[in-house]
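Trainee: Before we dig in, could you walk me through the labels on this one? I'd like to see how each call follows from its cut-off.

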Amino acid sequence: MTYKLAELSGPAVAHSLTDSSIAVIPTGAIEHHGPHLPLLTDALIASEVAEAAVQQGLSQGLDLWLLPTLTYTKSDEHAWAPGTMWLSAETLWATLVDLGRSIATTPARRVVFVNGHGGNTALLGVANRELRRRFGLDTFSMPASLGQAEGGPDELGFGIHAGHAETSVVMHLRPDLVNLSLAARNVPEHLAELEYIGFNGYPVSFGWTSDDFGPSGVIGDPTGASAEAGATLFAESVRRAVGALTEISTFRHKA
Ligand SMILES: [Zn+2]
């Protein structure tokens, strides 16, 4: 039987899903990833990690249903680049609420967004609470890339976009879509001297667009990327996603 919700008929949804079912929604992006990676990068990684995690989770007895990937998302930091297809925060917000409303018509009561694009993270966190309050759903969001990048030593922790990790994973999944001869390092080294202001994990965040750091739109160092590193990162991301889905399957708000 299928694990893809959209391959079911409407009536089959009503009797195949239960209140222990988890709806898994990959969220990606169609956005500029430098000259060496496809626009599809984030949607590809989210889709592939989510599908592999659902397959493994099903084999371990979890009640998982994969929904179609939400591929157009909030990529306004790359709005300057031709090919980026982005939704405003308002549009993505309304879309997430509408998806929650729709999922609430199925027997499933748990939803997890497996997110391949960092620009969606903040809004997904807000949506988690909105969908819980409005529709009574148990809601979760997580990054698709849960693996720890081993390479990229020259990225100074700034390999956040089209750098070593993403490039390696796409080389693993779709080598035909990568042109490593066009890859170039672009690391905002001056930020490494700052104590408070930074990207993920720093106390002071700041508004930025990807061309703030140079014309390539890359933030990181893709030059040492490899399919082997990508395979390791992908497998680790899937393994940890299955672990996360296992916790989600039994999560309770009260003890
Ligand atoms: Zn990306």
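Mentor: Sure. Start with a cut-off: angles of 65 to 115 degrees between axes count as roughly perpendicular. Keep in mind that this is a predicted model.

Trainee: Then why are helix 5 and helix 6 called roughly perpendicular?

Mentor: Helix 5 and helix 6 pack at about 95°. The perpendicular range runs from 65 to 115 degrees, so helix 5 and helix 6 are roughly perpendicular to each other. Their axes are 7 Å apart.

Trainee: Which residues make that contact?

Mentor: From helix 5 you have A165, S168, V169, V170, M171 and H172, and from helix 6 A227, A229, G230, A231, L233 and F234. By class, the contact of helix 5 with helix 6 has 9 nonpolar, 3 polar and no charged residues.

Trainee: What makes helix 2 and helix 5 roughly perpendicular?

Mentor: Here the axes cross at roughly 65° and come within 10 Å. The range for that label begins at 65, so helix 2 and helix 5 get called roughly perpendicular. The crossing of helix 2 and helix 5 is left-handed.

Trainee: And which residues meet there?

Mentor: T41, L44, I45 and E48 of helix 2 meet E166, V169, V170 and L173 of helix 5. Sorted by class, the contact of helix 2 with helix 5 has 5 nonpolar, 1 polar and 2 charged residues.

Trainee: How do you know that helix 5 is largely enclosed by the rest of the structure?

Mentor: By counting. A residue is buried if 20 or more other C-beta atoms lie within 10 Å of its own. In helix 5, 10 of the 10 residues are buried, so the helix is largely enclosed by the rest of the structure. Among those buried residues are H164, E166 and H172. What covers them includes helix 2 and helix 6.

Trainee: What's going on in the loop between strand 4 and helix 5? Why is Q148 called exposed?

Mentor: Q148, which sits in that loop, has 11 other C-beta atoms within 10 Å. The exposed label takes 12 or fewer, so Q148 is exposed. The C-alpha atoms of Q148 and F251 are 25 Å apart, with the two positions 103 residues apart along the chain.

Trainee: And what makes L156 partly exposed?

Mentor: L156 is in the loop between strand 4 and helix 5 too. L156 has 15 other C-beta atoms within 10 Å. Exposed stops at 12 and buried starts at 20, so L156 ends up partly exposed.

Trainee: A162 is in the loop between strand 4 and helix 5. Is A162 buried or exposed?

Mentor: A162 has 29 C-beta neighbours inside 10 Å. The buried label needs 20 or more, so A162 counts as buried.

Trainee: What stands out about the backbone there?

Mentor: Most residues other than glycine have a negative phi. L156 has a phi near 55°, a positive value in a residue other than glycine. A162 has a positive phi as well, about 60°, and is not a glycine.

Trainee: What about V178: why does V178 count as buried?

Mentor: V178 has 24 C-beta neighbours inside 10 Å. Set that against the cut-off of 20 or more, and V178 counts as buried. V178 is in the loop between helix 5 and helix 6, and touches H36, L37, T167, V170 and M171, leaving aside residues up to four places away in sequence. H36 is 142 residues away along the chain, yet the C-alpha atoms of V178 and H36 are separated by 5.6 Å.

Trainee: Zooming out, what does the chain contain?

Mentor: The chain has 6 helices and 4 strands, in the order α-β-α-β-α-β-α-β-α-α along the sequence.

Trainee: How do you know that the chain is as compact as a globular protein of that length?

Mentor: The radius of gyration is 18 Å, close to the 18 Å that the globule rule gives for 255 residues, so the chain is as compact as a globular protein of that length. Along the principal axes, the C-alpha atoms fill a box of roughly 55 × 40 × 35 Å. Buried residues are 46% of the 255. Of the contacts with a separation of 6 or more, 77% are between residues 24 or more positions apart.

Technical notes
Residues are numbered from 1 along each chain as its sequence is written. This is a predicted model: local features need pLDDT of at least 70, side-chain atom pairs count only at pLDDT 80 or more; totals for chains, interfaces and linings use all residues. Helices (H or I, at least four residues) and strands (E, at least two) are DSSP runs, numbered from the N terminus. Axes are lines fitted to C-alpha atoms, for helices over the stretch in contact, and angles run from 0 to 180 degrees between N-to-C directions. Angles under 35 degrees count as roughly parallel, over 145 as roughly antiparallel, 65 to 115 as roughly perpendicular and the rest as oblique. A crossing is left-handed if the near helix is turned anticlockwise from the far one by less than a right angle, and right-handed if clockwise. Two residues are in contact if their C-beta atoms, placed from the backbone, lie within 7 Å. Ala, Val, Leu, Ile, Met, Phe, Trp, Tyr, Cys and Pro count as nonpolar, Asp, Glu, Lys and Arg as charged, and the others, Gly among them, as polar. The radius of gyration is taken over C-alpha atoms; the globule rule is 2.2 Å times the number of residues to the power 0.38.
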